[in-house]
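Here is my note on the model you sent round. Please read it with the coordinates open.

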Amino acid sequence: MRILLVAINAKYIHSNLAVYSLKAYAEKYGANDHKIDIAEYTINWFPEEIIRDIYEKNPDVIGFSCYIWNISIVKEIISDYKKISPGTKIWVGGPEVSYNMEQVLLENPGIDYVMYGEGEKIFGNVMNAYGSAKDIGETELEKIKGIAFRKSGKVIVTSPESLVNLSDIPFVYKDMKKFENRIIYYESSRGCPFSCSYCLSSVDKKLRFRDVDMVKRELKFFIEHRTAQVKFVDRTFNCRHDYAMDIWKFIRDNDNGITNFHFEIAADLMTPDEIELIKTMRPGLIQLEIGVQSVNEKTLEAICRKTDISKIAEVSFQLGQTGNVHRHLDLIAGLPYENYASFANSFNRVYDMNPDLLQLGFLKVLHGSVMKEKAQDFGIIYSGRPPYEVLSTRWLSFDEILKLKSVENVVEIYYNSLQFVNTITKLAKCFDSAFQMYEKLGEYYKKCSADGAKHSRVTRYVLLLNFISDWKIYTAKIDMKKWRELLTLDYYLRENAKNRPEFSADISEDKSRIRDFYKSDKVREILPDYSDYDSRQIEKMTHVEVFGIDSGQKTYILFDYNNRNPLNRQARIINITEWIKDELSDKGLCKR
């Protein structure tokens with residue numbers, strides 16, 4: 001029998017660990033008579049394209065992995081697929097169908113069966129129950145734990161299946177070619193020690209860990225295959241100190257200079273030993289995601305989140321001082337007791353922690369979460385469509401939600417892109433707070449984006465410059481020439497642009513001396529990594545910019561794009577002013 005497991009991912013670079021785990025577990029512990037295949041798509045595919053592709057694979061049974069980002073398209077596909085192939089049995093599983101099984105079956109006649117909870121054991125038992133048949137009898141269905149199905153017009157929900165031993169799940173990665181240019185997801189633990197009311201991980205209170213020696217062998221596989229990024233899906237990786245230390249030491253000692261590992265951690269659980277270990281790692285070896293969510297104590301109490309904000313700030317500062325780890329901090333808007341002013345305060349506190357990435361998210365009221373049960377008590381109104389995002393609360397109006405959406409947009413563009421670091425850092429000091437700056441910038445950017453206009457990278461620089469000019473009351477101490485230079489610096493730090501942006505200064509009178517510099521022997525001393533290239537090639541592969549033209553004190557900066565900072569991707573910069581002056585002096589064009 002042919003079984004097809006279908007994953008519809010949010011982006012091409014994503015992969016679906018769940019379906020690979022189901023397949024690996026079933027193939028190891030039974031179902032040897034079945035051919036189990038996996039088909040991955042993205043939400044950007046047209047439903048009819050996915051339907052056609054599935055139909056051509058001619059499966060007898062289809063299983064869909066369901067999440068908030070794909071549940072709408074999954075339901076649409078199932079409805080239409082049943083019309084053209086009514087005999088095909090369709091199963092669904094995943095968080096979007098695990099907490100409302102009856103509703104799913106009653107509202108979607110195309111769905112035959114639901115698996116709820118952890119799927120590995122359930123799927124293995126389902127495959128064994130099929131035997132050589134193309135369907136399972138009602139008597140056999142009732143013996144399978146963790147499923148829901150229709151019987152005589154009613155929905156039957158069997159008792160839950162026991163939790164799986166993580167070390168029993170086979171390693172799912174074998175042929176890495178199919179995962180080229182994609183993020184690899186890896187799981188070393190399940191469950192979470194915290195009880196955050198908005199999160200489904202809090203439902204599973206039993207923390208379980210994969211055997212650490214097994215984890216090391218599997219991580220070594222990724223390292224040997226020079227995988228670009230491995231993202232741990234563990235909810236709180238450092239909740240067990242000895243386990244985290246053991247794995248972090250292993251990846252440090254086996255670093256291949258390429259692979260990056262992403263971990264979600266609780267910063268207030270970080271120990272001095274962990275921070276000292278991280279200091280010894282290659283810059284870019286790991287990145288850490290830290291959920292702050294809010295600094296409002298009443299909010300944190302309402303969502304059952306126990307955290308020490310002062311400790312988070314201290315740890316974030318210490319990690320930032322190492323200069324070798326990317327820090328990703330999260331905030332959630334729309335939580336109980338957090339009004340607009342309170343959220344602005346949370347934003348400013350987290351912004352002051354100087355994260356490498358600040359994610360401003362909005363509360364999602366998920367099926368099965370405590371927040372969904374308490375939404376009415378908190379006056380939380382949310383969308384009935386996935387991802388069930390907050391629309392308003394007792395403390396936050398829809399108008400204010402929209403304002404925060406504009407803030408989120410410009411934070412992504414001007415902060416998280418890391419393309420405007422120097423300009424934004426300077427600009428934030430010209431406002432009463434960072435939040436005020438992004439609030440005003442968000443309003444301005446929205447006004448300049450009528451009818452949903454998308455702006456090119458260069459246009460975003462120009463819009464920022466125009467915003468600065470319009471808000472000159474805040475920037476009176478710095479003239480526009482300085483702002484143009486800062487934008488030029490940021491521009492060339494990230495991109496070896498072929499065309500000069502309109503806001504940069506005219507350096508035409510310096511072009512000949514810059515070219516002479518590239519022809520000189522000094523360029524070989526400064527850029528030994530370019531020894532295989534001639535002067536013209538080196539000139540194309542790097543960039544020299546002139547600053548301080550208007551002051552009469554010119555500074556020549558070379559941007560080396562072959563050597564970038566692994567955390568922010570900025571080019572290495574070298575002040576070559578003295579070398580340029582030496583060249584001019586040798587020609588009698590200037591005095592030293």
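The points below run from the whole chain down to single residues.

1. Status and overall content. This is a predicted model. The protein has 22 helices and 20 strands. Its C-alpha atoms fit a box of roughly 100 × 55 × 50 Å along the principal axes.

2. Burial and contacts. The protein has 592 residues, and 54% of them are buried. Take the contacts between residues at least 6 apart in sequence: 69% of these link residues at least 24 apart.

3. Surface. The exposed area of the protein is about 27,700 Å². Carbon and sulfur atoms account for 48% of that area.

4. A nonpolar patch. Which residues make the nonpolar surface patch of about 330 Å²? They are Ile381, Leu391, Phe398 and Leu402. Ile381 belongs to strand S16, which covers residues 381-382. Its relative accessible area is 48%, so Ile381 is partly exposed; the cut-off for exposed is over 50%.

5. Helix H14 and Ser406. Helix H14 spans residues 398-416, and Ser406 is part of it. Is Ser406 buried or exposed? Ser406 is buried, because its relative accessibility is 14% and the limit for buried is under 20%. Leaving aside residues up to four places away in sequence, Ser406 touches Gly442 and Lys446.

6. Helix H19. Helix H19 runs over residues 511-519. Its buried residues are Ile514, Phe517 and Tyr518. These three span an arc of only 100° around the axis, so they sit on the same side of H19. Please check that side in the viewer.

7. Cysteines. How many disulfides does a search of the whole structure find? The count is zero. Cys448 shows why a bond is missing there: its sulfur is 19 Å from the closest cysteine sulfur, that of Cys430. A disulfide needs the two sulfur atoms within 2.5 Å, so this pair is too far apart for a bond. Cys448 is partly exposed, because its relative accessible area is 25%, and the buried class stops at under 20%. Cys66, by contrast, has 0% relative accessibility and therefore counts as buried.

8. For the figure legend. I would like three items stated: the model is predicted, the search for disulfides gives zero, and the nonpolar patch includes Ile381. A panel on helix H19 could label Ile514, Phe517 and Tyr518 as its buried residues. A panel on helix H14 could show Ser406 with its contacts Gly442 and Lys446.

Conventions:
Residues are numbered from 1 along each chain as its sequence is written. This is a predicted model: local features need pLDDT of at least 70, side-chain atom pairs count only at pLDDT 80 or more; totals for chains, interfaces and linings use all residues. Side-chain values use heavy atoms; hydrogens and water are left out. Helices (H or I, at least four residues) and strands (E, at least two) are DSSP runs, numbered from the N terminus. Buried means under 20% relative accessible area, exposed over 50%, partly exposed in between (1.4 Å probe, protein chains only). Contact means heavy atoms within 4.5 Å. Patches are made of residues with over 30% relative accessible area and no salt bridge: like charges are joined within 9 Å, nonpolar side chains (Val, Leu, Ile, Met, Phe, Trp, Tyr) within 5 Å. Accessible areas come from the Shrake-Rupley method with a 1.4 Å probe; for residues, only the protein chains shown count as cover. A salt bridge is a side-chain nitrogen of Lys or Arg within 4 Å of a carboxyl oxygen of Asp or Glu. The arc is that of the directions from the helix axis to the C-beta atoms.
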